[in-house]
Amino acid sequence: MTTPLIRCAWVDNRADDDAMVRYHDEEWGVPEHDDARLFELLTLEGAQAGLSWETILKRREGYRRAFEGWDIARIAAYRPTDTERLLADPGIIRNRAKIAATIGNAQAALAVQRDFGSLDAYVWGFVGGKPILNRFESMSDLPASTQVSAAMSKDMLRRGFKFVGPTIMYAFMQAAGLTNDHTVSCFR
């Protein structure tokens with residue numbers, strides 16, 4: 001008989017949700033360095049504002065399709081007709097401010113790529129190029145934001161990014177593996 005895996009509490013109560021389990025087991029806290037994937041995570045974390053991660057995860061494929069595989073340059077060039085197309089797409093959260101932020105964030109990401117060589121170099125620069133490894137005992141020990149996420153948020157806002165407050169940026173850091181917040185009892 002195999003011993004069941006122990007996971008972080010936020011996913012354990014959703015063990016019947018394959019997408020959440022896969023996300024926890026295979027992605028959350030795993031260092032990501034691909035610019036398109038980082039932009040995807042940044043967008044999805046911003047889209048989550050006021051919603052649950054489960055809601056966003058269920059629409060992930062819709063987002064990938066609607067935003068053309070997260071091609072940052074293509075998204076940055078979107079026109080008003082693209083905004084209208086996205087507002088009519090049931091596969092994503094149809095919120096005008098969040099859609100406008102995604103397009104504006106793509107434009108800001110292109111500027112970051114010009115200034116730093118890549119979005120990867122920029123975001124990983126906030127953590128010195130390697131993940132912060134935390135050793136939290138329980139989910140209640142995890143902060144909503146940190147000094148690093150606040151600094152990242154402040155700089156990104158200055159560069160024209162939207163939906164990048166300190167709490168969203170900390171969730172992004174967790175999603176992209178800039179910080180590993182799996183609890184000590186979790187198999188990850």
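Analyst: A cavity is a set of points on a 1 Å grid over the protein atoms alone where a 1.4 Å probe fits but cannot get out, and its lining residues have an atom within 4 Å of a point. The model is predicted, so local features need pLDDT of at least 70 and side-chain atom pairs pLDDT 80 or more, while totals for chains, interfaces and linings use all residues. Residues are numbered from 1 along each chain, and side-chain values use heavy atoms, without hydrogens and water.

User: What makes a residue part of the lining of the largest cavity, and which lie nearest its centre?

Analyst: The 4 Å rule admits 16 residues, of which Thr43, Gly46, Ala47, Lys98 and Thr102 lie nearest the centre of the largest cavity. H3 and helix H8 (96-116) are the elements that give two or more residues to this lining, and H8 supplies the largest share, five residues. About 110 Å³ of space lies in this cavity, and the count is one cavity of 30 Å³ or more.

User: Why are H3 and H11 called oblique to each other?

Analyst: The axes (lines fitted to C-alpha atoms over the stretch in contact, with angles from 0 to 180 degrees between N-to-C directions) of helix H3 (residues 35-47) and helix H11 (residues 166-175) cross at roughly 140° and come within 9 Å. Oblique covers what is not under 35, over 145 or 65 to 115 degrees, and H3 and H11 are therefore oblique.

User: Which residues of H3 and H11 meet?

Analyst: With contact meaning heavy atoms within 4.5 Å, Leu38, Leu41, Leu42, Glu45 and Gly46 in H3 meet Ile168, Met169, Ala171, Phe172 and Ala175 in H11.

Technical notes: Helices (H or I, at least four residues) and strands (E, at least two) are DSSP runs, numbered from the N terminus. On a 1 Å grid over the protein atoms alone, a cavity is a set of points where a 1.4 Å probe fits but cannot get out, and a pocket is an open set with protein on both sides within 12 Å along at least five of seven lines; lining residues have an atom within 4 Å of a point. Grid points are joined across faces, edges and corners, and a volume is the space filled by probe spheres set on the points.
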